[in-house]
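User: Please take a close look at one part of this model, the charged pairs, and set them in the context of the helices, loops and buried cores around them. I would like a single connected account.

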Amino acid sequence: MKILAISDPHGDYSKIRKMMEKAGDFDLAVIVGDITHFGPDEKVEELMELFDKPVLAIPGNCDQRSILNALDASKATNLHGKIEQIGNISFIGLGGSNPTPFNTPFELSEEEIEKALEGMVCSAENAGECGTIVLLTHAPPHGARDELPFGHVGSKAIQKFVDRVDLIICGHIHEAKGLEKVGKTVVLNPGEASKGSCALVHLQEPEGKPIEVEFVEV
């Protein structure tokens, strides 16, 4: 499966078509938050109309909580707090972010994040032949793709699920675009879509094959 990974468009979708053209053929797009820049929710429809492939989407901390209704009404799949099984891949989604100093619209406590993820990850792990588990979060796990000049700002709750999932696709920290492996988990921040950055992820069968990532810039 080829996945186009997009984060942080912040309401600027001017580069999305060029990103898709440069990425070439893909099976699925995932959008991991900050779809808008504090609204309006109607921007969701504008973005989703650009895609002719399936889309899984979660909100970011700069989206209003009401964006969940707009995602439900769109042609995308709202993955916030849900699991979607596609073939042998379990996609788990949790939007918003851990608390920030800025009191942004969609923030969750670390306790809320851990409780939500524990239930979903357990379900994926117990699904028999669960195959690959992909976690879509807006916030990164603490210690991976989360560093700012004053330190690590990722979620300590999400960090607890490193090594229990195969791939985390996140955004939120614009300065932390890149890829790293922590234990068995690949952590990917595809960069700011508003600036023309995204990534193409290759998940190969059978499970256990390396996850390949290609960064795309327009």
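Analyst: Helices are here DSSP runs of H or I with at least four residues, strands are runs of E with at least two, and both are numbered from the N terminus. The model is a predicted one.

The pair within a helix comes first. Glu-46 and Lys-43 are both members of α2 and stand three residues apart, about one turn of the helix. Their side chains form a salt bridge, with an N to O distance of 3.2 Å. Glu-46 is partly exposed, because its relative accessibility is 42% and the range for that class runs between 20% and 50%. In general, side chains of opposite charge can pair when their charged atoms come close.

Under the rule for salt bridges, ten are counted in the model. One of them links Lys-53 to Asp-25, whose closest N and O atoms are 3.1 Å apart. Lys-53 belongs to the loop between α2 (43–48) and β3 (55–58), and Asp-25 to the loop between α1 (16–23) and β2 (28–32), so this pair ties together parts that are 28 residues apart in sequence. The two partners fall into separate accessibility classes: Lys-53 is partly exposed at 27% relative accessibility, whereas Asp-25 is exposed at 56%.

A further salt bridge brings together the side chains of Glu-180 and Arg-145, at 3.0 Å from N to O. Since Glu-180 sits in strand β11 (residues 178–182) and Arg-145 in the loop between β7 (132–137) and β8 (147–148), parts 35 residues apart in sequence are tied together by this pair. Glu-180 has a relative accessibility of 25% and counts as partly exposed. Elsewhere, Glu-118, Glu-125 and Arg-164 are joined into one network by salt bridges that share partners.

The loop that carries Asp-25 follows α1, and this helix shows a clear division into sides. Its buried residues are Ile-16, Met-19, Met-20 and Ala-23. These cover an arc of only 95° around the axis, and therefore lie on the same side of α1. The face turned away from that buried side bears the exposed residues Lys-18, Glu-21 and Lys-22. The cover over the buried residues includes β1, α2, β13 and β14 (212–217). Helix α2 is thus part of the cover of α1, besides holding the pair of Glu-46 and Lys-43. Directly after α1 comes Gly-24, with a positive phi near 80°.

From here the account turns to the nonpolar interior. The largest nonpolar core has 26 residues, and those that touch the most other members are Ile-6, Ile-16, Ile-31, Ile-35, Leu-47, Met-48 and Phe-51. Two or more residues each are given to this core by β1 (2–6), α1, β2, α2, β3, α3 (67–73) and β13. The greatest contribution comes from α1, with four residues. For Ile-35, contacts beyond its neighbours within four places in sequence include Pro-9, His-10, Val-44, Leu-47, Ile-58, Ile-67 and Leu-71. A second core lies apart from this one and holds 22 residues, including Ala-124, Phe-161, Val-162 and Val-165.

The loops add several backbone details. In general, most residues other than glycine have a negative phi, and most peptide bonds are trans. Gly-39 and Pro-40 are joined by a cis peptide bond, with omega about -5°; Pro-40 is placed in the loop between β2 and α2. Two residues that are not glycine have a positive phi: Asn-103, at about 50°, and His-172, at about 75°. Asn-103 belongs to the loop between β6 (89–94) and α4 (110–125) and is exposed, at 67% relative accessibility. His-172 belongs to the loop between β10 (167–169) and β11 and is buried, at 15%. Strand β11, which follows the loop of His-172, is also the strand in which Glu-180 lies.

One more loop residue deserves mention. Ser-194 is located in the loop between β12 (185–189) and β13 (197–202), and its relative accessible area of 16% makes it buried. With neighbours within four places in sequence left aside, Ser-194 contacts Asp-8, Pro-9, Asp-12 and Lys-15. Pro-9 also appears among the contacts of Ile-35.

Key. Residues numbered from 1 in each chain as written. Predicted model: local features only at pLDDT ≥ 70, side-chain atom pairs only at ≥ 80, totals over all residues. Heavy atoms only, no water. Salt bridge = Lys/Arg side-chain N within 4 Å of Asp/Glu carboxyl O. Buried < 20%, exposed > 50% of the residue type's maximum accessible area, 1.4 Å probe, protein only. Contact = heavy atoms within 4.5 Å. Core = buried A, V, L, I, M, F, W, Y, C linked by side-chain atoms within 4.5 Å. Arc of directions from axis to C-beta.
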